[in-house]
Amino acid sequence: MSRLLTVNYNKKPSYDIVIGTDYSELSDRVKALGFESKKAVIITDSKVKDLHVESVKTELEKVCSNVFVYAFEAGEPSKNLNTVQDIIRFMIENKLNRNDLAVAVGGGVVGDIAGFCASIYLRGIEFIQIPTTLLAQVDSSIGGKTGVDFDQYKNMVGAFKMPKLVYINTKTLSTLDARQFYAGMAEVMKYGLIMDESFFEWLISKMYEIHDRDDATLEEMIETCCICKQKIVERDPLEKGDRALLNFGHTIGHAIEKYKNFELLHGECVALGCVAASYISWQKNKLSKDEYYEIRDMFVPFNLPISIDDLEPEKIVELTKSDKKSIDGGIKFILLKRVGKAYIDQTVTDEEMIAGINEINFTEEDEKA
Ligand SMILES: NC(=O)c1ccc[n+]([C@@H]2O[C@H](COP(=O)([O-])OP(=O)(O)OC[C@H]3O[C@@H](n4cnc5c(N)ncnc54)[C@H](O)[C@@H]3O)[C@@H](O)[C@H]2O)c1
Ligand SMILES: [Zn+2]
């Protein structure tokens, strides 16, 4: 049996999130949404194409008149306007019209690009999300943020475009490599930290099942994350306020991602950013020392880094200021009042940030100690 959530947009039901272990409900859902005998274009990447696209295509072919597949080179460097152009060209060549459907099958990169293409092609066609990474299943496929990177700026160009459906088949995670899986766990833990203390405790108690990628545990975990994200995006769909809480760990995290030239995965940098932000929360007397260490040490069993060598704190701080978010209205630092309760803090100084970065900076002295 699948699990089902309905996300509201402007207080009205907007789209469903289906969480299951196969695609058995997909064709009926696509039909119910009105895409019977319409064309569909599956947008995916080179890796996911060989792993998961065939089974989705088979299901869509039960209802759609034609199903085309466009795959771009896997990886963040493809997330740019050139790829968007290639996809738009492909849609024109295959004569997709305004009533046809775009289907994103892949991780966050695929979802962000495909959603953006759907938002601009013929001034907008409908699209559905079939996320295949843990990060995409718990985060990026929900909430309608789409877009691409531009020059050195991440997610600089984009649009809000709500999907018609998010269909999560948790079995796709069985082919995800360990590093990507644990990177997704950083976002999972983030939900516990910012808004759900009992979920954070549940994650501790289910550590072994999560490592084993036990079906029932993953489904429950993903559903809880989807509910958290749903609550936030329903409250603040266009990120004018509270949605910023989702950026916990991301201000310093994004800066480290850039500083290390994207050698680390996003989730790994988010883990480091969460540790630094928790440290700052402790220094500002919001968290106790014990709470800080409890949070920090929770990333370790999920194979996530809590320190890293060779950071230059001043440079990292500088990088936080060239982030899109700071261009767009100044840094809103997210700190914790306690586990399960985050807040926006606009008083974080450069010195406090540097202290937070030093906390995760692994130096030669640490090694000797
Ligand atoms: N729109 C949003 O709200 C939002 C939120 C968070 C992150 N994002 C974006 O998401 C992107 C990161 O997403 P991601 O981590 O999923 O990266 P990704 O899409 O690049 O996927 C990571 C890697 O895993 C591969 N992969 C995907 N599914 C697989 C599977 N089932 N088995 C084996 N390999 C698989 C991909 O080919 C890729 O190589 C970033 O660009 C980020 O900006 C968007
Ligand atoms: Zn993130």
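Q: What makes β7 and β8 a hairpin in this structure?
A: In this predicted model, β7 and β8 are joined with two residues between them, and D151 in the turn has a positive phi of about 50 degrees.

Q: Why are strand β7 and strand β8 said to pair?
A: Pairing asks for at least two bridges between two strands, and strand β7 (residues 145-150) and strand β8 (residues 153-160) have five bridges in the antiparallel sense, so they count as a pair. Within this pairing, F150 stands opposite Y153 in β8.

Q: Why is S119 called buried?
A: S119, which is found in helix α4 (residues 108-120), has a relative accessibility of 15%, and because buried means under 20%, this residue falls in that class.

Q: How do you know that the side chain of S119 makes a polar contact with F116?
A: The side chain of S119 reaches the backbone oxygen of F116 at 2.8 Å, and since the limit for such a contact is 3.5 Å, the pair is within it. Leaving aside residues up to four places away in sequence, S119 also touches G124, T146, A159 and K161.

Q: What makes E187, H250 and H266 donors of the zinc ion (ligand 2)?
A: Their donor atoms, OE of E187 and NE2 of both H250 and H266, lie 2.0 to 2.2 Å from the zinc ion, and the cut-off for a donor here is within 2.8 Å of the metal, so these residues qualify. In sequence they are spaced E-x62-H-x15-H.

Q: Why does the pair H250 and H266 tie together parts that are apart in sequence?
A: H250 lies in helix α10 (residues 250-259) and H266 in helix α11 (residues 266-283), so the pair links parts that are 16 residues apart in sequence. Both H250 and H266 are buried.

Note on methods. Residues are numbered from 1 along each chain as its sequence is written. Chains are lettered from A and ligands numbered from 1 in the order in which they are written. This is a predicted model: local features need pLDDT of at least 70, side-chain atom pairs count only at pLDDT 80 or more; totals for chains, interfaces and linings use all residues. Side-chain values use heavy atoms; hydrogens and water are left out. Donors are N, O and S atoms within 2.8 Å of the metal (3.2 Å for Na, K and Ca); water is not among the atoms, so sites may look incomplete. Helices (H or I, at least four residues) and strands (E, at least two) are DSSP runs, numbered from the N terminus. Buried means under 20% relative accessible area, exposed over 50%, partly exposed in between (1.4 Å probe, protein chains only). A polar contact is a pair of N or O atoms within 3.5 Å; within protein, one must be able to donate a hydrogen and the other to accept it, and residues adjacent in sequence count only if both atoms are side-chain atoms. Contact means heavy atoms within 4.5 Å.
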